[in-house]
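The following paragraphs lead through a protein structure, and the reader is invited to keep the sequence and the model in view throughout.

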Amino acid sequence: MKRLFAVISLCLIPALTLAQNNYHDPEYLKVPSVSTYSQTVTGDLDQDGDTDLVAFGASVFLFRNLGDGTFETDSSGNTLPERIFQLNIGDGYIQSGALEDVNGDGVKDIIASTSGQTAGTRNIYLLLNTGAGRFWGPIKLETGLSQSTNSFSAASVVTADFNGDGFVDIAAGFSFLGKTVVFLNGGTAGIAPFLPAVTYDTPVGGAGLSVIRNYPEETLSIISSNQNGPISNILVGSADGSFTVEELVVGSKTRDTASLDLGYYNFMLFTSAERSELLIAVRIANALYGPFPFGANFGASIKDVQTTDVDGDQLPDILLSQPWVGTGVDRVIVMTSSQGYAREELTFKDTYQFCSGDLNGDGKQDIVAGSWNGTSGPINRDVLGIAFSASN
Ligand SMILES: [Ca+2]
Ligand SMILES: [Ca+2]
Ligand SMILES: [Ca+2]
Ligand SMILES: [Ca+2]
């Protein structure tokens, strides 16, 4: 029934109400000032029961949670994360990362996809977890793609079992190159023998990917946003993990996508690159209705969109990032659902992408924003902001 309310709420494009204060103002971690922190992800990588934090940039840093959402620091208050991987110069930086168990040993591994503003090769790196949050040397999954000119290029990586064999597969989008690359998992426990890249032309997309389930087939498709034009792509998946690229008329340039899988009804979310809007399309049995604007002008451009249950009521919530609000003042917007969506704006000193995870162990998702220096924008590269849920 709760899910039905969520469906109705979305279909009616609900008025957004201002939420009560569910989050404290962000706290900032002083982190090594060596790189952008383009994306953060959370997961218990050392299996001690506490959610750890991983930050991606030109390096991958692991922040081990001490148990209450704090991390080891030196006497000056600087955090002491472990650098577990460093890209070679010319390989760009890691703009998109994920934690997933790719080799079937029950322990989450790290997946990192490279991007960059400089020419160079673009690949995926796997860091297999030994089980204690220690990692084997990286496995490079070669895309065969390289960027020959200096230009901004967004990247996005998603994981899902595209061919239904029980092993996690990987897809990565590269906007500048107009390609989406899929690596199917060879499916031998313990060693993650990925098959060679299968590359799809997504000439209008690739900056932001999300996975959506097809009904009634139960296969998976990939939505790909398009920063350059009003038509995005959907890579329609087959049971064998292959895809057919189709155009998806959204009517706006889009920066990122997310999906809400509510069974037979599911939803595609797009952030408009031209307007301060979230667009939502309803998808029923592979037919698309919309997209419709989500009833609000958010006052500044939106980059990322994610769907996750942040308040633990089993209803999908929607999170947005706004990296371009003002100099050193950016936002993450959290919209929690009940029979409508209540909106709370979290102000961060700087953010680009964000993640959520319960860092202080109170059962509610906290929000972590990593910062990014962009091509010219404000630089707060030595902090990560964490907005803890307000119940503590
Ligand atoms: Ca841990
Ligand atoms: Ca694993
Ligand atoms: Ca698979
Ligand atoms: Ca929490």
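Two residues are in contact if their C-beta atoms, placed from the backbone, lie within 7 Å. In this predicted model, Ile111 offers a suitable point of entry. Leaving aside residues up to four places away in sequence, Ile111 touches Gly97, Ala98, Glu100, Val102, Ile124, Leu126, Val157, Thr159 and Ile170. Ile111 also belongs to the largest nonpolar core, a set of 96 residues. The members that touch the most other members of this core are Val54, Ile111, Ile124, Leu126, Leu269, Val332 and Ile367. Ile124 and Leu126 thus appear both in this group and among the contacts of Ile111. In soluble globular proteins, nonpolar side chains tend to be buried together.

From the core one may turn to the protein as a whole. The secondary structure consists of 1 helix and 29 strands. Along the principal axes, the C-alpha atoms fill a box of roughly 55 × 50 × 40 Å. The radius of gyration is 20 Å, which agrees with the value near 21 Å that a compact globule of 392 residues would have. Of the 392 residues, 49% count as buried. When contacts between residues at least 6 apart in sequence are considered, 51% of them join residues at least 24 apart.

Among the strands, one sheet may be followed in detail. Strands of a sheet pair through backbone hydrogen bonds, either parallel or antiparallel. The sheet considered here is open and has 4 strands in the order β11-β12-β13-β14, with antiparallel pairing. Its edge strands, each pairing on one side only, are β11 (155–160) and β14 (198–201). From one strand to the next, the twist averages 20°. At one end of the order, β13 (residues 179–183) and β14 are joined in the antiparallel sense over 4 bridges. Within this pair, Val182 stands opposite Val198 in β14.

The backbone also contains particular features further along the chain. In the loop between β15 (209–213) and β16 (220–224) lies Pro216, which is joined to Tyr215 by a cis peptide bond with omega of about 5°. Glu218 is placed in the loop between β15 and β16 as well. The phi angle of Glu218 is near 70°, a positive value in a residue other than glycine. Is Glu218 buried or exposed? A residue counts as exposed if 12 or fewer other C-beta atoms lie within 10 Å of its own. Glu218 has 9 such atoms within 10 Å and is therefore exposed.

A second region shows a cis peptide bond and a positive phi angle too. Ala285 lies in the loop between β21 (278–284) and β22, and its phi is positive, about 50°, although Ala285 is not a glycine. Because Ala285 has 10 C-beta neighbours inside 10 Å, this residue counts as exposed. The strand that follows the loop, β22 (residues 287–293), contains Pro291. A cis peptide bond joins Gly290 and Pro291, with omega of about 10°.

Finally, the confidence of the prediction should be kept in mind. The mean pLDDT of the protein is 87, and 90% of the residues reach 70 or more. Over residues 374–380, however, pLDDT stays under 50. For this stretch, the model has 10 contacts beyond four places in sequence.

Notes
Residues are numbered from 1 along each chain as its sequence is written. Chains are lettered from A and ligands numbered from 1 in the order in which they are written. This is a predicted model: local features need pLDDT of at least 70, side-chain atom pairs count only at pLDDT 80 or more; totals for chains, interfaces and linings use all residues. Two strands pair if DSSP finds at least two bridges between them. Helices (H or I, at least four residues) and strands (E, at least two) are DSSP runs, numbered from the N terminus. Axes are lines fitted to C-alpha atoms, for helices over the stretch in contact, and angles run from 0 to 180 degrees between N-to-C directions. A residue is buried if 20 or more other C-beta atoms lie within 10 Å of its own, exposed if 12 or fewer, and partly exposed in between; C-beta atoms are placed from the backbone. The radius of gyration is taken over C-alpha atoms; the globule rule is 2.2 Å times the number of residues to the power 0.38. pLDDT is the predictor's confidence in each residue, from 0 to 100. A nonpolar core is a set of buried Ala, Val, Leu, Ile, Met, Phe, Trp, Tyr and Cys residues joined through C-beta atoms within 7 Å.
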